[in-house]
Each structure stands twice: as C-alpha cells, then as structure tokens.
Amino acid sequence: MSVGLAGLLLALAPLVSQASSSLAVEMGCYNCHGTPVRGDAPSFERLSVKYAKRQGDAAAEQHAVDELLRGEPLQRIPAHEYLSPETARQLVHWLFEGAK
C-alpha cells in the first residue's frame, strides 16, 4: 500500500465511523440500544465490548451479521427483519470497531 493510499484511508476512518453511527440513527437502532435501553435489549456499549474481543475476525463478524438477520428463535425483532444484508454488515462492522 502506498503512503498516499494509507494516508487517505486514515483520513477517511472518522467518516466511516460517523457514517455507521448515522446509519444506526437512521435505522432506529438507538430506540432500543441507546441510552436508556428498551427492555432487555443490549446497549451499544455492551455489544461493542462483546464484539471488540473478536475485532478483525471476518468469520466472527459474518456470524454476527447472520445472527442479526436471523433473529432469536423465540423472540421476533421486527426492526432487524427490515435490515438489508449490506446494512446489517455495516452496523455489525461498526460494533466490531467499537461503535464510536
């Protein structure tokens, strides 16, 4: 990777993070996972701590995307059912990166 490309990627990193936070707002994720949390929904902080342990693990990230789209066997989460695979991937990646 050239120095120019590396510099560009570093410059864009805050925009990617901001875009994911904005996406979480746009998709209504903060309604349940924000502060205060709704019901038994985990907070973004709790989710990001859980996923940070596996940061950089593409298989774990894909597994989290699949879980998000599939939902809980005994508990329907309608908001998750409306996520596209790409949106779910972006949100999960944001969580794996610390949800900042």
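Asp40 sits in the loop that links α2 (30-33) to α3 (44-52); helices here are DSSP runs of H or I with at least four residues, strands are runs of E with at least two, and both are numbered from the N terminus. The model is a predicted one, in which local features need pLDDT of at least 70, side-chain atom pairs count only at pLDDT 80 or more, and totals for chains, interfaces and linings use all residues. Residues are numbered from 1 along each chain as its sequence is written, and side-chain values use heavy atoms, with hydrogens and water left out.

With a relative accessible area of 61%, Asp40 is exposed. The cut-offs are over 50% for exposed, under 20% for buried, and partly exposed in between (1.4 Å probe, protein chains only). On the surface, Asp40 joins Asp66, Glu67 and Glu72 in a patch of negative charge. Such a patch takes residues with over 30% relative accessible area and no salt bridge, like charges being joined within 9 Å. Asp and Glu count as negative, Lys and Arg as positive, while His and the chain ends are not counted. The charge is placed at CG of Asp or CD of Glu.

Just past that loop comes α3, where Phe44, Leu47, Ser48 and Tyr51 are buried. Viewed down the axis of α3, these buried residues fall within an arc of 95 degrees, so they line one face of the helix; the arc is that of the directions from the helix axis to the C-beta atoms. Glu45 and Arg46, on the other side of α3, are exposed.

As for the chain overall, it has six helices and zero strands, so its elements simply read α-α-α-α-α-α from the N terminus on. Of the 100 residues in the chain, 26% are buried. Ser20, in helix α1 (residues 3-26), counts among the buried residues at 9% relative accessibility. Ser20 and Gln90 lie 70 residues apart in sequence, yet their C-alpha atoms are 6.6 Å apart in space.

A search of the whole structure turns up one salt bridge, meaning a side-chain nitrogen of Lys or Arg within 4 Å of a carboxyl oxygen of Asp or Glu. Glu86 and Arg89 form it, with 3.0 Å between the closest N and O atoms. Both belong to helix α6 (residues 85-96), and because they are three residues apart, about one helical turn separates them. Glu86 is partly exposed at a relative accessible area of 41%, and Arg89 is partly exposed too, at 34%.

Methods:
Patch = residues over 30% accessible without salt bridge, like charges linked within 9 Å, V, L, I, M, F, W, Y side chains within 5 Å. Areas by Shrake-Rupley, 256 points an atom, 1.4 Å probe, with all protein chains shown as cover.
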